[in-house]
Amino acid sequence: FSFDRPSGRLFVGDVGQDKYEEVDVVQKGGNYGWNIMEGMHCFSPPTGCDETGLLLPIAEYDHSIGQAIIGGYVYHGSAIPKLQGTYVFADLTGKVFALNQNATGTWNRSLLLSPATNISSLGQDQEGELYVIEISNGTVMKLVAQ
């Protein structure tokens, strides 16, 4: 999880159970539905669950896209102006994603890159630049503009 410093919002990359990975923005006292929901879908029971009072994730993806979400950061660096204010996160499979909120409040996910590596973590420096850490040998890679 990480805080977006300017807004104070707390973002959580939440590893799913069987089928879905999710991103939540945490609210004090919020109920995110486990084990009733997995992502935006009923888990137990598999259909017709009671979603009353639950806060659903701002984004999800299924296991055809990735296997285990790796939480990230809202980008506030200067090296990649197009990412300003974007929540950047990854998946264990090596995919790095951007998540942007539009004017209506809907969050949209896009694939930023897919290096041939497995990712264990993301990091952020004092200038707001982001780094990806490779799982097998600990290589640290800085995200840069193309």
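# Notebook: a disulfide, a pocket and some buried residues

**Entry 1. The disulfide.** Cysteine 42 and cysteine 49 form a disulfide, with 2.1 Å between their sulfur atoms. I am working from a predicted model. I looked at the twist of the link next. The angle about the S-S bond is -80°, and the link of cysteine 42 and cysteine 49 is left-handed. How many disulfides does the count come to? It comes to one.

I then checked how open each partner is. Cysteine 42 has 22% relative accessibility, so it counts as partly exposed. Cysteine 49 has 12%, so it counts as buried. The cut-off for buried is under 20%.

**Entry 2. Cis peptide bonds.** I looked up two peptide bonds by their omega angles. Most peptide bonds are trans. The bond joining tryptophan 34 and asparagine 35 is cis, with omega about 10°. Asparagine 35 sits in the loop between S3 and strand S4 (37-38). The bond from serine 44 to proline 45 is also cis, and its omega is near 5°. Proline 45 belongs to the loop between strand S5 (41-42) and strand S6 (59-62).

**Entry 3. Glutamate 22.** This residue is in strand S3, residues 20-26. Is glutamate 22 buried or exposed? Its relative accessible area is 7%, so I logged glutamate 22 as buried. What does its side chain reach? The side chain of glutamate 22 reaches the backbone nitrogen of glycine 39, at 2.9 Å.

I listed the contacts of glutamate 22, leaving aside neighbours within four places in sequence. They include Val12, Gly13 and Asp14, then Glu38 and Gly39, and also Pro57, Ala59, Glu60 and Ile69. I took the C-alpha distance to one of them. Glutamate 22 and alanine 59 are 37 residues apart in sequence and 5.7 Å apart in space.

**Entry 4. Serine 2.** Serine 2 is placed in strand S1, residues 2-3. With 5% relative accessibility, serine 2 counts as buried. Its side chain reaches the backbone oxygen of glycine 72 at 2.6 Å. Gly72 also appears in the contact list of serine 2, together with Arg9, Leu10, Phe11, Tyr73 and Tyr87; that list leaves aside neighbours within four places in sequence.

**Entry 5. The largest pocket.** I turned to the largest pocket. Its volume is about 280 Å³. The lining has 15 residues. Which of them lie nearest the centre? They are Leu112, Leu113, Leu143, Val144 and Gln146.

Next I sorted the lining by kind. It divides into 13 nonpolar residues, one polar and one charged. Then I asked which strands supply it. Strand S10 (107-113) and strand S13 (140-142) each supply at least two residues of the lining. S10 gives the most, with three residues.

**Entry 6. Two residues of S10.** I stayed on S10 for two more checks. Tryptophan 107 is in strand S10. At 13% relative accessibility, tryptophan 107 counts as buried. Tryptophan 107 touches Arg9, Phe11, Ile58, Leu99, Asn100 and Gln101, not counting residues up to four places away in sequence. I also took a C-alpha distance from tryptophan 107 to proline 57. The two are 50 residues apart along the chain and separated by 9.9 Å.

Serine 110 lies in strand S10 too. How accessible is serine 110, and what does it count as? The value is 34%, so serine 110 counts as partly exposed. The cut-offs are under 20% for buried and over 50% for exposed. Outside its neighbours within four places in sequence, serine 110 is in contact with Val96, Phe97 and Ala98. Between serine 110 and valine 96 the C-alpha distance is 8.8 Å, at 14 residues apart in sequence.

**Entry 7. Valine 88.** Valine 88 is in strand S8, residues 87-91. Relative accessibility is 0%, so valine 88 counts as buried. I wrote down its contacts, not counting residues up to four places away in sequence. Valine 88 touches Gly72, Tyr73, Tyr75, Leu83, Val96, Phe97, Leu112, Leu122, Leu130 and Leu143. Leu112 and Leu143 were in Entry 5 as well, among the residues nearest the centre of the largest pocket. My last distance was from valine 88 to proline 57. Their C-alpha atoms are 16 Å apart, with the two positions 31 residues apart in sequence numbering.

How values were computed
Residues are numbered from 1 along each chain as its sequence is written. This is a predicted model: local features need pLDDT of at least 70, side-chain atom pairs count only at pLDDT 80 or more; totals for chains, interfaces and linings use all residues. Side-chain values use heavy atoms; hydrogens and water are left out. On a 1 Å grid over the protein atoms alone, a cavity is a set of points where a 1.4 Å probe fits but cannot get out, and a pocket is an open set with protein on both sides within 12 Å along at least five of seven lines; lining residues have an atom within 4 Å of a point. Grid points are joined across faces, edges and corners, and a volume is the space filled by probe spheres set on the points. Helices (H or I, at least four residues) and strands (E, at least two) are DSSP runs, numbered from the N terminus. Ala, Val, Leu, Ile, Met, Phe, Trp, Tyr, Cys and Pro count as nonpolar, Asp, Glu, Lys and Arg as charged, and the others, Gly among them, as polar. A disulfide is a pair of cysteine sulfur atoms within 2.5 Å. Buried means under 20% relative accessible area, exposed over 50%, partly exposed in between (1.4 Å probe, protein chains only). Contact means heavy atoms within 4.5 Å. A polar contact is a pair of N or O atoms within 3.5 Å; within protein, one must be able to donate a hydrogen and the other to accept it, and residues adjacent in sequence count only if both atoms are side-chain atoms.
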